[in-house]
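Let's walk through a protein structure together, one question at a time. Have a look at it first, and then we'll dig in.

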Amino acid sequence: MKHFTYIFAAAFLLLMGPFSATASSLDSLKQHNKRNFHLRFKYQAGAVLLTNDFLKGNLGDNKEYADLPATDYYQSFAIEFGKQTFGEHDWEHAYNFPKYGIGFYTAHFFDVNNAEVSSLLGQPSAIYGYFEGPFKRWNRFSFGYRIGFGLTYNWNPYHPADNPFQIAIGSSKTVYIEAALKVDYELTDRWELSAGAGFTHFSNGASSTPNYGINLMAPYLAVQYNFNNNLRRDLVRKQLDPIEKKKELNIGLSFTSKQIDFDTDKVGEENRYANIDYLAVNLTAYYMKRISQKSKFGAGLDLNYDESINAQVDFNEGGELEKVESLHNGDKVSLGGYAAYELVLDRLSILINAGAYILRKDDYSGVKPIMYQRIGLKYNVYNDITAGIYVRAYHFSVADFLEWQIGYRFGQ
């Protein structure tokens with residue numbers, strides 16, 4: 001299941017590349033659109049948010065690392081290849097001529113004494129897609145935002161014997177999520193400078209434990225070279241016709257695996273993060289109405305099966321932990337309802353849901369709160385067939401599980 005997950009993630013990332021659309025073209029700009037690619041070098045350095053004991057330096061009685069201070073600083077380098085849109089499609093006008101592309105990222109972590117801690121945490125690298133657009137343009141300046149999503153690898157994960165105090169990341173691969181605000185300045189038609197500040201998050205979505213995650217906050221600087229004259233000052237937005245307010249019904253099905261933390265009073269501290277997978281299945285149906293070029297609103301229902309509910313384990317004759325059935329499968333089913341928002345980027349969408357469990361067994365009490373959230377990406381693969389990756393969470397910060405979803409929409 002996990003190997004399939006990472007293969008699916010890589011395929012989904014490739015789909016995030018060139019968006020395609022069938023909207024009308026502008027002949028005066030079309031000649032530039034296919035040639036205006038750019039290459040960017042980006043440097044970022046800043047704070048590691050101290051959100052768990054490992055990052056804080058609380059490593060218990062381990063003598064080898066007893067004097068290790070907090071991991072509170074990092075620096076990263078990235079190289080990106082992307083494209084400046086020129087208004088060939090209506091969505092490019094709606095987003096004020098955004099840029100998009102792919103990038104490669106590598107990070108190094110340091111403690112308060114400026115010593116690198118790669119032996120415990122690893123030297124993670126990421127392959128990601130990014131999208132960025134301006135809120136406002138001036139002659140040479142623009143102020144805007146960027147978002148990124150990808151796959152990170154080369155972590156040195158938790159291991160009960162070899163790396164027992166690294167509870168931030170429990171897998172060698174995680175999801176990479178980035179959001180930032182930025183200012184761009186056009187030096188010449190070929191060169192641009194960017195400065196910004198943003199947030200980066202790493203998590204495996206509870207597919208492996210421990211999964212306290214790593215969060216970074218930092219400014220960045222970047223220099224960009226345009227292979228063709230950028231011509232940003234020649235971009236002129238057209239008045240878009242009012243979009244037809246279409247209604248649609250979406251159906252989605254996802255399968256994934258997750259892990260949980262076990263009660264140390266029953267299994268011992270060394271088995272708290274036992275490597276036991278539980279199945280999570282979600283069938284969802286949601287109704288959406290498109291109200292603008294960018295936005296859809298709606299509501300939906302989730303039918304969930306979570307094998308980890310009230311999960312029990314015990315030691316077998318070989319001294320290894322194994323699952324013990326504690327509930328009938330039907331008792332692990334729940335029904336939830338949610339409000340939905342979808343930000344439309346041509347064939348790619350960002351989905352945000354806020355929901356609550358309507359029906360569930362009492363065994364859920366104390367395991368999950370009644371409120372839950374979902375955020376992720378959906379891509380229109382072919383006609384009305386969609387593929388998505390979403391993080392199901394609660395408390396707006398704790399990952400419950402990842403949803404790798406295949407779906408179909410009616411009425412688009």
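Q: In which strand is the place of arginine 409?
A: Keep in mind that we're looking at a predicted model. Residues 398-410 make up one strand, and arginine 409 has its place there. That strand is E18.

Q: Does arginine 409 count as buried or exposed?
A: Let's check the number: arginine 409 has a relative accessibility of 12%. Buried means under 20%, so arginine 409 counts as buried.

Q: Which residues does arginine 409 touch, not counting residues up to four places away in sequence?
A: Here we skip residues up to four places away in sequence. What arginine 409 then touches is Glu248, Leu249, Asn250, Lys296, Asn380, Asn383 and Asp384.

Q: Where is the place of isoleucine 291?
A: Two strands help us here, E10 (278-290) and E11 (295-306). Isoleucine 291 has its place in the loop between strand E10 and strand E11.

Q: What does isoleucine 291 count as at 39% relative accessibility?
A: Under 20% would be buried and over 50% would be exposed. Isoleucine 291 has 39%, so it counts as partly exposed.

Q: What distance separates the C-alpha atoms of isoleucine 291 and lysine 247?
A: Along the chain, isoleucine 291 and lysine 247 are 44 residues apart. In space, their C-alpha atoms are separated by 9.3 Å.

Q: How many aromatic pairs does the count come to?
A: Ring centres have to lie within 6.5 Å for a pair. By this rule, the number of aromatic pairs comes to 25.

Q: What kind of pair do the rings of tyrosine 73 and phenylalanine 110 make?
A: Their centres are 5.6 Å apart, and their planes are at 45°. Under 30 degrees would be stacked and over 60 would be edge-to-face. The angle falls in the rest, so the pair is tilted.

Q: How many residues apart in sequence are the parts that tyrosine 73 and phenylalanine 110 tie together?
A: Tyrosine 73 lies in strand E2 (residues 71-84), while phenylalanine 110 lies in strand E3 (residues 99-111). The pair therefore ties together parts whose separation in sequence is 37 residues.

Q: Is phenylalanine 110 buried or exposed?
A: The relative accessible area of phenylalanine 110 is 10%. The cut-off for buried is under 20%, so phenylalanine 110 is buried.

Q: What kind of aromatic pair do tyrosine 225 and phenylalanine 227 form?
A: Centre to centre, the rings of tyrosine 225 and phenylalanine 227 are 5.6 Å apart, with 85° between the planes. An angle over 60 degrees is the cut-off to look for. Tyrosine 225 and phenylalanine 227 form a pair that is edge-to-face.

Q: How far from the ring centre of tyrosine 130 is the charged end of arginine 146?
A: The charged end of arginine 146 sits over the ring of tyrosine 130. Its distance from the ring centre is 5.0 Å.

Q: How many cavities of 30 Å³ or more are there?
A: We're after cavities of at least that volume, 30 Å³ or more. The count comes to four.

Q: Which element gives the most to the lining of the second largest cavity?
A: This cavity holds about 70 Å³ of space. Of its 12 lining residues, the closest to the centre include Lys99 and Pro134. Strands E4 (122-137) and E6 (174-186) each give two or more residues to the lining. The element that gives the most, with four residues, is E4.

Conventions:
Residues numbered from 1 in each chain as written. Predicted model: local features only at pLDDT ≥ 70, side-chain atom pairs only at ≥ 80, totals over all residues. Heavy atoms only, no water. Phe/Tyr/Trp six-rings, centres within 6.5 Å; stacked < 30°, edge-to-face > 60°. Buried < 20%, exposed > 50% of the residue type's maximum accessible area, 1.4 Å probe, protein only. Lys NZ or Arg CZ within 6 Å of the ring centre and 35° of its normal. 1 Å grid on protein atoms, 1.4 Å probe; cavity = no way out; pocket = protein on both sides within 12 Å on 5 of 7 lines; lining within 4 Å. Points joined across faces, edges and corners; volume = space filled by probe spheres on them. Contact = heavy atoms within 4.5 Å.
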